[in-house]
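Reader: I would like a close look at one part of this model, the place where its two chains meet. Please also set that part in its surroundings.

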Amino acid sequence: MEEFLTDTLKTQEYFLNMGPQHPATHGVLRLLLKLDGEIIQNVDMDLGYIHRSIEKMCERDTYKQIVHLTDRLDYLSSHMNNEAVCLLVEKALNIEIPDRIKVIRTLVDELTRISSHVLWWGVMGMDIGALTTFMYGFREREMINDIFEETCGARLTMNYNVIGGVRYDLHENFVKRVKDFIVHFKKKLPEYDTLLSNNVIFRKRLEGIGYISKEDAVAYGLNGPAARASGVSCDIRKIHPYSAYDRAEFDEIIFTEGDSYARYKVRIKEMWESLRILEQLIDKIPEGEHRVKTKAVIKLPEGDYLQRVEAARGDFGVYVKSTGQKFPYRLKLRSPGFANLTALNKMTKGLKIADLVAILSTIDIVVPDIDR
Amino acid sequence: MTNTELKNKIEILSENLIFSGEDGDFLKIEVDKDNLKEFMKKLRDNEELRFDYLFALTGIDFGEELGVVYHLESTKSRKLIQITVKTADRNNPEIDTVHDIFPAAFFNEIEAHEFFGIKFKGHPDLKHLFLPENWDKGYPMRKDYTDINMLIR
């Protein structure tokens, strides 16, 4: 009987387009799936649906203008992206940054990280089929956005960092509201675990799915929480500390399972670590200026510059080749999402389409960051 | 490990290497394009160095020449180096692919091919990734590319 089945009943290989307009691809990402029945043989990607050529635009903009463009990459870690450009220019020109600015930047960084991870958590549940989490996630995110609105003047693409500091000083309510948020979020975060993390169906969908080994993770350039779930130590905040990360105590979250559930756990734990950083720094904001005066026209000396920051999705980097002009000669934006997407084919081979959706969610892609 | 010590260790791996930036943040190396592939493989496999993480691959138009800049990091020592490779032939620029050494380079090489026209010898699929499939208006990131409508300074 078995012989008969394998001989005559064969599944056919075919191609399936997923996206560019598909709710589970988190934006305009087009995946070309090669399927055998429902089993994924190969995942190819087609990008460029939201390509704005920011790298080319940077070549005609001054450094102060470039800061604003980086907001539009990974809009969920806009503050970190801005910071990368600012740190690069400040380091190149040897601008001394007072402690107050460093602490403010770090605080907003961590709030951004929590807000990004909370959104990810909500969408993660939704991709698996649990619609409630989206509402829960947005409840906490709203609190952070309100804090941003008060201090930075905007909720998403805040443009808070400028070269030499931050745009406005902290609002008088900032400290109180962040403290309120910490108290609130500490109560709500365990709720996330009861709601989703320990749900049997949810865990069955993630555990052992989308495995990638430590060696492969390094080779494919995986970074951020996705790589830390495979046991790769790659937290830029630890390896190359910037701003005020060297004065806060926190752990780098590393799991070794390398599956979807490990990637999920890394981000949940990271939110606890972000809270720890916030708690340590919120009472220790030094007095002083919020902005250092810089020259009106900024020219970087000839040479190569590189600055990396830990964005919510991973290792974000800006590489500038300068010829001494007020415009960069070449500016490369190294996006964490693009590198993570490279490993998608490796993770999904032999799995089903529903698993692909879950894996896409656990590597947490943001398409404008991939397309640039 | 200081940059000078690193330089001494890398020097013996290949010929015709030009070093700079010993007192900067990272060591910069310019390598001959014929030696590139072998050199990259040695950097990755050397037990002491272990430059196994390709951080970024950047295509650059140097004006006269076209080139690629690789940023490699060692997961062992967490040192970062910058490797530059150049080709003078602007009409048919060819550089060896490194995607079989660093799988992370696969899509980055497609990107560099698309925007700079650099052909990566040995790359299996240099398709259009960001640009439309029927794009034939040249290589947009090159310095001599002109588009009157889009690039007004």
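Author: What follows goes from the meeting of the chains to the core, and then to chain A as a whole.

The model is predicted, and the predictor gives the complex an ipTM of 0.89 and a pTM of 0.88. Where chain A and chain B meet, 24 residues of chain A are in contact with 26 residues of chain B. On the chain A side, at least two residues each come from helix 9 (214-219), strand 6 (303-311), strand 7 (314-322), strand 8 (330-334) and helix 13 (336-342) of chain A. Sorted by class, that side of chain A holds nine nonpolar, six polar and nine charged residues.

The partner, chain B, has a mean pLDDT of 86, with 96% of its residues at 70 or more. Within chain B, helix 1 (residues 3-11) of chain B has the lowest confidence, a mean of 81. Strand 4 (residues 66-73) of chain B has the highest, at 91.

Next comes the core. In soluble globular proteins, nonpolar side chains tend to be buried together. The largest nonpolar core here has 141 residues, and the ones that touch the most other members are Leu54(B) and Leu72(B). Helix 5 (residues 99-128) of chain A is the element that gives the most to this core, 13 residues. Leaving aside residues up to four places away in sequence, Leu72(B) touches Leu43(B), Phe51(B), Tyr53(B), Leu54(B), Phe55(B), Ile81(B) and Ile83(B).

Helix 5 of chain A also packs against a neighbour: its axis and that of helix 4 (residues 78-92) of chain A come within 8 Å and cross at roughly 140 degrees. From helix 4 of chain A, the contact uses His79(A), Met80(A) and Glu83(A). Helix 5 of chain A answers with Arg105(A), Val108(A), Asp109(A) and Thr112(A). By class, two of the residues in this contact are nonpolar, two polar and three charged.

These two helices belong to a chain with 16 helices and eight strands. The C-alpha trace of chain A spans about 80 × 50 × 35 Å along its principal axes. The radius of gyration of chain A is 22 Å, which agrees with a compact globule, because a globule of 372 residues would have a value near 21 Å. Of the 372 residues in chain A, 48% are buried. Among contacts in chain A with a separation of 6 or more, 68% join residues 24 or more positions apart.

Technical notes:
Residues are numbered from 1 along each chain as its sequence is written. Chains are lettered from A and ligands numbered from 1 in the order in which they are written. Two residues are in contact if their C-beta atoms, placed from the backbone, lie within 7 Å. Helices (H or I, at least four residues) and strands (E, at least two) are DSSP runs, numbered from the N terminus. Ala, Val, Leu, Ile, Met, Phe, Trp, Tyr, Cys and Pro count as nonpolar, Asp, Glu, Lys and Arg as charged, and the others, Gly among them, as polar. pLDDT is the predictor's confidence in each residue, from 0 to 100. A nonpolar core is a set of buried Ala, Val, Leu, Ile, Met, Phe, Trp, Tyr and Cys residues joined through C-beta atoms within 7 Å. A residue is buried if 20 or more other C-beta atoms lie within 10 Å of its own, exposed if 12 or fewer, and partly exposed in between; C-beta atoms are placed from the backbone. Axes are lines fitted to C-alpha atoms, for helices over the stretch in contact, and angles run from 0 to 180 degrees between N-to-C directions. The radius of gyration is taken over C-alpha atoms; the globule rule is 2.2 Å times the number of residues to the power 0.38.
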